[in-house]
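Let's walk through this model together, one question at a time. Have a look at the sequence and the structure first.

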Amino acid sequence: MKRRNFIKLSGLSTAGLFVSSSIPFLSSCSNKDMNMGGNMNMGQPVPVTEGNFSALFAIPPIVGGTTTLTAQNVTANSNEFGNVKGLGYSSGGLLGPTIKVNSGQSMNVNFVNQLNEKTNIHWHGLKIPANMDGHPENFINAGGSFNYNFTVNQRAGLYWYHPHADGTTGKQVFQGLAGLVIVNDSEETALNLPSGNRELPLVIQDKRISAGSILYAPTMMDQMAGLMGQYILVNGVYAPSHNVETAKYRVRILNGSNARIYNLALSNGASFTVIGNDGGLLATPQTVNSLTVAPGERADLIIDFSSMGLNSELFLISKTFIGGNAQGKQEFKIMKFKVTTQVVDNFSIPTTLSSIAPLTESMATKTRNFEISNVDSGSMSGMMMHTINNKSYDANRIDELVPNGAVEIWTFDNTNGQEPHPMHLHGVQFQILNRTGGRGTLTALEKGWKDMALCMPGEKVKIIVPFNGYTGKFVFHCHNLEHEETGMMGQFQVS
Ligand code: C2O
Ligand code: CU
């Protein structure tokens with residue numbers, strides 16, 4: 001057993017007691033659930049408690065590429081809870097400002113760590129030099145600071161930033177550290193997509209809130225399934241409501257949750273349109289009635305309120321889905337839209353959004369297979385671990401050597417797995433070639449450029465990756481942050 005896993009597990013008994021006494025539905029963790037051998041029972045659902053949707057929707061402030069971010073303790077006013085203690089990148093509350101830059105511009109972020117533990121910033125989705133990328137071992141100690149300085153040279157899209165130091169990532173993201181990066185370019189600007197008050201960024205996250213704080217005290221079962229909370233926050237606000245006009249809105253969603261997957265839909269069953277994802281605009285718009293969005297994934301949507309009557313209400317909801325034992329068992333509301341203003345809206349969604357050349361298997365010079373079913377992990381020691389190819393993360397081991405400029409196929413094989421694993425690569429954008437097993441097909445969100453690939457239980461997902469960014473050492477991992485923290489991460493070196 002690795003020392004890091006032992007340390008994490010040794011504190012669990014007291015934390016577990018506290019959690020189970022304050023949140024009754026978490027107390028059902030039996031020895032049977034813990035048994036990793038034979039018939040595994042991978043965690044239990046954490047039921048969502050819907051609020052009254054009276055809180056005002058809030059949008060994080062927008063700043064330019066030259067700015068200061070200070071990781072710090074904050075107190076946020078979260079309506080139904082009163083004041084809640086958590087973490088933020090400014091004194092204003094949970095989360096951080098949205099950084100807006102044009103492609104080609106540089107970012108110069110003066111980062112200050114006012115926490116009492118190590119942290120850093122990973123710029124999720126950005127193709128930037130390895131020493132700026134927030135590698136888990138590249139951290140800033142308590143009281144320290146670091147200058148993140150790089151040029152943004154990629155497609156317009158919704159990217160994000162969050163802590164990534166080994167051992168403190170799950171906790172710090174859960175307690176509030178995350179923010180958006182919006183990159184614009186001329187291709188996107190020419191489309192005249194809804195903007196201003198009709199462009200709404202939504203960071204969707206579930207939280208556990210207890211005794212006035214966002215509580216991060218994962219039990220062994222939470223480490224197994226990933227830590228899920230009972231309260232769904234949007235941009236740091238629980239159960240918000242937003243007044244809208246009878247018009248089409250661009251709703252840009254980040255699932256910033258540690259582990260919870262959402263199957264997004266509208267409460268009236270209406271369809272909506274997917275125009276973009278992790279790596280920017282799709283080639284053509286895709287109309288759907290529901291959309292699965294995993295931790296780390298982004299969904300750029302057009303939601304049409306134009307045919308709704310004045311004073312009518314519509315909820316963004318998550319519908320049930322098949323996602324292993326702990327996920328997808330419940331339908332719940334996320335936020336409310338109320339139509340309060342009648343307008344004439346002439347926007348129609350362009351039939352072509354972007355030009356994307358599909359990569360084909362024949363372009364790849366190498367295929368790498370990653371077994372992520374985790375069937376054997378821990379069965380010997382009885383300890384909780386998550387692995388990739390039966391290896392848990394080791395900062396001193398490079399798992400894959402990749403020639404700079406190579407195009408490779410990476411296959412994530414969850415055929416025998418019982419848990420969903422949203423897999424993420426740093427430093428690149430890739431395309432998803434296909435999915436076999438499970439859902440057996442790609443969703444509307446999985447066309448175009450991606451930096452996340454969700455592998456549901458029973459699925460095998462094949463991606464094609466041009467390693468055309470920067471050389472250096474990067475990580476790839478499951479974006480279920482408890483899986484990542486319990487070992488489900490590897491390193492690749494591009495040279
Ligand atoms: Cu969003 Cu390595 O993470
Ligand atoms: Cu995972």
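Q: Which residue forms a salt bridge with Asp399?
A: Before we start, this is a predicted model in which local features need pLDDT of at least 70 and side-chain atom pairs count only at pLDDT 80 or more, while totals for chains, interfaces and linings use all residues. Residues are numbered from 1 along each chain as its sequence is written, chains are lettered from A and ligands numbered from 1 in the order in which they are written, and side-chain values use heavy atoms, with hydrogens and water left out. A salt bridge here is a side-chain nitrogen of Lys or Arg within 4 Å of a carboxyl oxygen of Asp or Glu. With closest N and O atoms 3.2 Å apart, the partner of Asp399 is Lys391.

Q: Is Lys391 buried or partly exposed?
A: Buried means under 20% relative accessible area, exposed over 50%, and partly exposed in between (1.4 Å probe, protein chains only). Asp399, at 15%, counts as buried. Lys391 has a relative accessible area of 29%, so Lys391 is partly exposed.

Q: How many residues apart are Arg260 and Asp206?
A: The side chains of Arg260 and Asp206 meet in a salt bridge of 3.0 Å, N to O. This pair links distant parts of the chain, with Arg260 in the loop between β17 (248–255) and β18 (262–266) and Asp206 in strand β11 (residues 199–207), a separation of 54 residues. Strands (E, at least two residues) and helices (H or I, at least four) are DSSP runs, numbered from the N terminus.

Q: What is the relative accessible area of Asp206?
A: Its partner Arg260 is buried, with a relative accessible area of 6%. Asp206 is buried too, and its value is 0%.

Q: In which helix does the salt-bridge partner of Arg208 lie?
A: Arg208 and Asp222 meet through their side chains in a salt bridge (3.0 Å, N to O). Arg208 sits in the loop between β11 and β12 (209–210), and Asp222, 14 residues apart from Arg208, lies in helix α6 (residues 220–225).

Q: How many salt bridges does the structure hold?
A: Some residues are linked in a network of salt bridges, namely Glu188, Glu199, Arg250, Arg252 and Asp300. For the structure, the number of salt bridges is 25.

Q: Which residues coordinate the copper ion (ligand 2)?
A: Donors are N, O and S atoms within 2.8 Å of the metal (3.2 Å for Na, K and Ca), and water is not among the atoms, so sites may look incomplete. The donor residues are spaced H-x56-C-x4-H in sequence. Coordination is at 2.0 to 2.1 Å, by His421 (ND1), Cys478 (SG) and His483 (ND1).

Q: Which strand gives the largest share of the largest nonpolar core?
A: A nonpolar core is a set of buried Ala, Val, Leu, Ile, Met, Phe, Trp, Tyr and Cys residues joined through side-chain atoms within 4.5 Å. The largest one has 35 residues, and Phe305 and Leu291 are among those with the most contacts inside it. Five residues, the largest share of this core, come from strand β24 (residues 332–341).

Q: Which residue in β20 stands opposite Asn277?
A: Strands β19 (residues 272–277) and β20 (residues 280–288) pair in the antiparallel sense over five bridges, where pairing requires that DSSP finds at least two bridges between the strands. A hairpin through two residues joins β19 to β20. Opposite Asn277 stands Gly280.
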